Amino acid sequence: MPPATIRVLLYAVHTRAGRGSIPIGIVTVPFRDYVRNVVPSEWAPWWLPASLQAGALAVKTRGWYWVNHFGGYLDTPDNCFDVTDDTQFQRYIPGNTTTATDAAVNATWPVLALQARSDLPCELPSGSPAPWARAAAWL
């Protein structure tokens with residue numbers, strides 16, 4: 001079962017490449033909404049459905065990984081976050097959903113990528129060429 005929520009550190013400013021600066025706070029986001037808003041930021045919505053599905057699975061797996069591992073904290077150790085909204089983790093932009101990427105999230109929601117019975121860190125840096133190529137083998 002995927003986590004119910006994910007804690008996201010928001011930045012006030014982002015470069016064109018998606019790198020954040022000036023942290024403004026931490027928000028708790030329903031996990032599925034987080035995935036829905038990240039996929040179109042990391043995968044082009046006009047790509048083939050199979051590549052979007054690979055992307056949805058990669059985004060979900062990487063977010064899930066960070067919910068279960070320490071992401072960081074803002075100001076004090078008791079003010080923890082799982083991920084940031086920039087490309088250091090995955091580019092989260094609220095309100096960034098599309099019909100095509102939502103379909104990919106829905107199609108892959110029951111799927112979990114496992115390696116030796118543990119969750120995968122799924123390193124897929126934003127802007128990497130053909131990111132679906134590494135994730136497509138999971139589908």
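**Exercise 1.** Is D33 buried, partly exposed or exposed?

*Solution.* The structure is a predicted model, in which local features need pLDDT of at least 70 and side-chain atom pairs count only at pLDDT 80 or more, while totals for chains, interfaces and linings use all residues. Residues are numbered from 1 along each chain as its sequence is written, and side-chain values use heavy atoms, with hydrogens and water left out.

Step 1. Fix the classes: buried is under 20% relative accessible area, exposed is over 50%, and partly exposed lies in between (1.4 Å probe, protein chains only).

Step 2. The relative accessible area of D33 is 30%, so D33 is partly exposed.

**Exercise 2.** Determine which residues D33, R36 and D102 engage through salt bridges.

*Solution.* Step 1. A salt bridge requires a side-chain nitrogen of Lys or Arg within 4 Å of a carboxyl oxygen of Asp or Glu.

Step 2. D33 and R36 satisfy this criterion with an N to O distance of 3.4 Å. Both belong to helix 1 (residues 31-42) and are 3 residues apart, about one turn of the helix; helices are DSSP runs of H or I with at least four residues, strands are runs of E with at least two, and both are numbered from the N terminus.

Step 3. D102 and R36 also form a salt bridge, at 2.9 Å from N to O. This pair links distant parts of the chain, with D102 in helix 3 and R36 in helix 1, 66 residues apart.

Step 4. D33, R36 and D102 are accordingly linked in a network of salt bridges. Within it, R36 is partly exposed at 24% relative accessibility, whereas D102 is buried at 16%.

**Exercise 3.** Locate the salt bridge of D82 and describe the surroundings of its partner.

*Solution.* Step 1. D82 pairs with R7, the closest N and O atoms being 2.7 Å apart. D82 sits in the loop between strand 4 (80-81) and strand 5, R7 in strand 1, and 75 residues separate them.

Step 2. D82 is buried at 3% relative accessibility, while R7 is partly exposed at 34%.

Step 3. Two strands pair if DSSP finds at least two bridges between them. Strand 1 (residues 5-14) runs antiparallel to strand 2 (residues 20-30), with 9 bridges, and parallel to strand 5 (residues 83-84), with 2 bridges.

Step 4. L9 stands opposite I26 in strand 2, and the bridge partner of L9 in strand 5 is T84.
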